Amino acid sequence: MTGGDAPVPHLRRDPNPQQTSGRKVLIGVAVFFLVLVGFVLTLVFTIGEHNNGVVLPPGASTSPTSTVAPAAAPSPEFFAIDAATGGKSYIGGDATYSSYQHHQRAVAMGAAPDGRTAYYAVPVAGCRSIIYATHAGRTVETTRVRGISGRVLGVPMAVSPDGSDLALALTPQLKRGDGCARSAEAEVLDLKHGLLTPVGIVLPGKPTSLAWRQDGALAVLAGDTVTERRVGCLACEPLFVGKAFGSPVVLFWHGKLAVIVGNAVRALGTELGPTLARGLPDFVVSASVDPTGNKLLLSGGVETTRNPGGITYYATYVWSNGEAFRLPGEWIDPAW
């Protein structure tokens, strides 16, 4: 270095040039890996948000699919007549009890409000009928209640809210002889004392449906043809008689007089009122309202059995929240 000359910068050489290059490569790989992980996590989170917050495993489909499993048909406890034998039956979940004798085929049934008792009517010779009771508890048994005059018809019977009276449809016994009259009427049997009295509602044709209201009002639907069907309500204050508008079934839905028309429950006044429930099966011929007032046990959908003569039965359904579920078996007059 000479005087006046600027100092020359001295560049210090790295004694390990290959090691420095290796560190740079490792740092680059680490940065790339972190970027890749961040991208994957962002993608998974985005897909999870798209699928309602559920993070799907790798390879799972992200296309919209239904996560609602098909509803299974419920298995309620109910009473009914065995369509094949005419036996007095109690269906309790997986177990079924049936009392049947060849010469005693039940034709009508009605369940009591306690949910543990049902009454069955069996016609016998001489225009008479016998009323039986089936009690379901720790064991299930059927006992004879009493015999009555008149031939009970195949119309679902109805037990009063306090369990003391049984409304039924029958052809009365003639005053002379053991024959039955040609006319049919609705009558009420006092289950304790055995007194049988006419309902007092004059309607055309034979009764096809009976229903009690919680306050003791009794509704009767009768008629030989669709156009003639009428509904009468005793103790409805005042006595009500109106058209049934083609319905074969009358009931009280949350205290309101109603009929089943097509696949719906309709309020009934002098004209058809608003729809109270929808989604019922076709051809409903009987309806039983459960104690909560929110479910229906129905007979509907005519089918032909393999019995001689083409005897028909009706499929049994539970209706709830606008949907009807078919139950297994062949039953008549099912009731809670």
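A nonpolar core is a set of buried Ala, Val, Leu, Ile, Met, Phe, Trp, Tyr and Cys residues joined through side-chain atoms within 4.5 Å; buried means under 20% relative accessible area (1.4 Å probe, protein chains only). In this structure the largest such core has 15 residues. The model is predicted: local features need pLDDT of at least 70, side-chain atom pairs count only at pLDDT 80 or more, and totals for chains, interfaces and linings use all residues. Residues are numbered from 1 along each chain as its sequence is written, and side-chain values use heavy atoms, leaving out hydrogens and water.

**Cores**
- Tyr119, Ile131, Ile148, Met157, Leu166 and Leu168 have the most contacts inside the largest core.
- Strand 5 (117-124), strand 6 (128-136) and strand 10 (165-171) each supply at least two of its residues; strands are DSSP runs of E, at least two residues, numbered from the N terminus.
- Strand 10 gives the largest share, three residues.
- A second, separate core has 14 residues, including Trp253, Ile260, Leu296 and Tyr317.

**Contacts (heavy atoms within 4.5 Å)**
- Leu166 is in contact with Tyr119, Ile131 and Met157, among others, leaving aside neighbours within four places in sequence.

**Ser299**
- Ser299 lies in strand 22 (residues 295-304).
- Ser299 counts as buried because its relative accessible area is 2%.
- Its contacts include Tyr314, Trp331 and Asp333, not counting residues up to four places away in sequence.

Key: Helix = DSSP H or I, 4+ residues; strand = E, 2+ residues; numbered from the N terminus. Buried < 20%, exposed > 50% of the residue type's maximum accessible area, 1.4 Å probe, protein only.
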